[in-house]
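Thanks for coming. I will go through one structure this morning, starting with a hairpin and ending with the charged pairs.

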Amino acid sequence: MNEKKLNTRTEKRKKRNKFWRIFWSVVGVIVIGLAGFAWYEYSSVKNAANTAYRSGGISSAENGSKNDVISNKKPLAVLLMGTDTGALGRTYKGRTDSIMVAVLNPKTKKTTLVSFERDIQVNLPDYPEHSPSKLNAAYAYGNAGELAKVLKKYFNIPINAYVLVNMGGLKTIVDKVGGVDIAPVLSFSYEGYTFTKGQTTHMDGAKALAYSRMRYDDPEGDYGRQKRQRQVLQALVKKAESAKTLLNTSFISSLSKQVQTDLTFSDLTSMASSYLPATKNVVTDYTHGTGFMQDGVSYQQVSTTERQRISDLIRKAMGLKTKKVSTASTNASSSSTTTASDTTGTTGNTAGTDQNNGTGY
């Protein structure tokens, strides 16, 4: 693979919208929040939950079945997936552009949110004929259950439930809460919008999305973009916590059309008092890898050391003993050309971690 072609493919990968990684924090808050106001709008919320429900084929995990975990108030691991290939009712499911695991621990009152690179090269347990493939293909071939198996295989982490969101719904959700107020961390213009550093601006869905997406004019690159994404997240969570907003039947109905989950209405109501407090303290992290080309396709490779770090992080958040991950590489090729990716490649114990405890970033 010549350098020019490699660079072209790398740039295309970088240009893909990665906004959705941080969006999952607010998705978790809103989905769990459906239970929080169920007592006020029982009928509307129950109908919304029924509309969103789909079995994902996730088997009972190491820490128990979904029902057992929720009823006994154990730490809950939720697989969060995002797709932007159209409405969820489309014939073509598409691949998951965003993949995260959220661990909600009612005992520690903390949520641990970990992002997984969608381009990680993996072998699919139930689809050897489509292996090796990218991590984001697992859902396309075998739904949430297949992706849960892949994460178990390479990271040794259990999954209890899933939530899938049509990413086109973010703009709608921001608009439904009446927009958000944000003070930009730098001045720039993007997609027809102008932002001034430190000047608090009211943003509707389209403007908030533009503020979150800009990357190449940010001196901090993707890290700077993540800061802005967290700003939008924090502002959105603040608005979504308003009882008036959450009691809006139109908001509930709109959200249910953008979401699929195997969390039932009964699950959500059971989670309301026990798990909601955990969403107030969120710790985020992400997998670090390196990019490489194989047969003209761009992949990510995550080292055994990094997979172990992520495994330990999630298992500890779930109150489980750590276990060694498989030493088998996620790179199915031993002769692939490797190039630096837009991740850091760091494997330190605190790499990529930041905390949101309401004090800013």
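Two strands count as paired if DSSP finds at least two bridges between them. Keep that in mind for the hairpin, and keep in mind that this is a predicted model.

The hairpin is made of β13 and β14. Strand β13 covers residues 290–294, strand β14 covers residues 297–301, and the two pair in the antiparallel sense over five bridges. Across the pair, Q294 stands opposite V297 in β14. Two residues sit between the strands, and D295 in this hairpin has a positive phi, near 55 degrees. D295 belongs to the loop between β13 and β14. Is D295 buried or exposed? D295 is exposed, at a relative accessible area of 75%.

As background, most residues other than glycine have a negative phi, and most peptide bonds are trans. Against that, two further places are worth marking. K109, in the loop between β2 and β3, also has a positive phi near 55 degrees. The peptide bond from S131 to P132 is cis, with omega near -5 degrees. P132 is found in the loop between β4 (121–122) and β5 (133–134).

Now the interior. The largest nonpolar core has 32 residues, and those touching the most other members are L79, V101, F116, L135, L151 and I314. Which elements give two or more residues to this core? They are β1 (76–83), β2 (98–105), α5 (137–155), β6 (161–166) and α12. The biggest contribution comes from α5, with nine residues.

Take F116 from that list. Setting aside neighbours within four places in sequence, F116 is in contact with I99, M100, V101, L135, L151, F155, I157, T287, I310 and I314. V101, L135, L151 and I314 have already come up among the residues touching the most other members of the core. There is also a second, separate core of 21 residues, which includes L76, V78, L113 and V259.

Not everything inside is nonpolar, so to speak, and here are two examples. T112 is in strand β3, residues 110–115. T112 has 6% relative accessibility and counts as buried, because the limit is 20%. What does T112 touch, not counting residues up to four places away in sequence? T112 touches V101, A102, V103, V283, L313 and A317. The other example is S311, in helix α12. S311 is buried as well, with a relative accessible area of 0%. Leaving aside neighbours within four places, the contacts of S311 are F155, N156, I157, K323 and V325. Please remember K323 from that list.

One helix deserves its own remark. Helix α7 runs over residues 205–213, and seven of its nine residues are buried, so α7 is largely enclosed by the rest of the structure. The buried residues of α7 are G205, K207, A208, L209, A210, Y211 and S212.

Last, the charged pairs. Side chains of opposite charge can pair when their charged atoms come close. How many salt bridges does a search of the whole structure find? The search finds eleven.

K323, which we met beside S311, forms a salt bridge with E62 at 3.6 Å, N to O. K323 is in the loop between α12 (304–317) and β15 (337–339), and E62 is in the loop between α3 (42–52) and α4 (66–71), so this pair ties together parts that are 261 residues apart in sequence. Both ends are partly exposed: K323 has a relative accessible area of 38%, and E62 has 36%.

A second pair is K74 with D68, where the closest N and O atoms are 2.8 Å apart. K74 is partly exposed at 29% relative accessibility, and D68 is partly exposed at 26%. Back to E62 and K323 for a moment: salt bridges that share partners join E62, K152, R315 and K323 into one network.

The third pair is D119 with R118, where the closest N and O atoms are 3.9 Å apart. Are D119 and R118 buried or exposed? D119 is buried, and R118 is buried too.

That is the tour: a hairpin, some backbone angles, the cores and the charged pairs. I will take questions now.

Definitions and conventions: Residues are numbered from 1 along each chain as its sequence is written. This is a predicted model: local features need pLDDT of at least 70, side-chain atom pairs count only at pLDDT 80 or more; totals for chains, interfaces and linings use all residues. Side-chain values use heavy atoms; hydrogens and water are left out. A salt bridge is a side-chain nitrogen of Lys or Arg within 4 Å of a carboxyl oxygen of Asp or Glu. Helices (H or I, at least four residues) and strands (E, at least two) are DSSP runs, numbered from the N terminus. Buried means under 20% relative accessible area, exposed over 50%, partly exposed in between (1.4 Å probe, protein chains only). Contact means heavy atoms within 4.5 Å. A nonpolar core is a set of buried Ala, Val, Leu, Ile, Met, Phe, Trp, Tyr and Cys residues joined through side-chain atoms within 4.5 Å.
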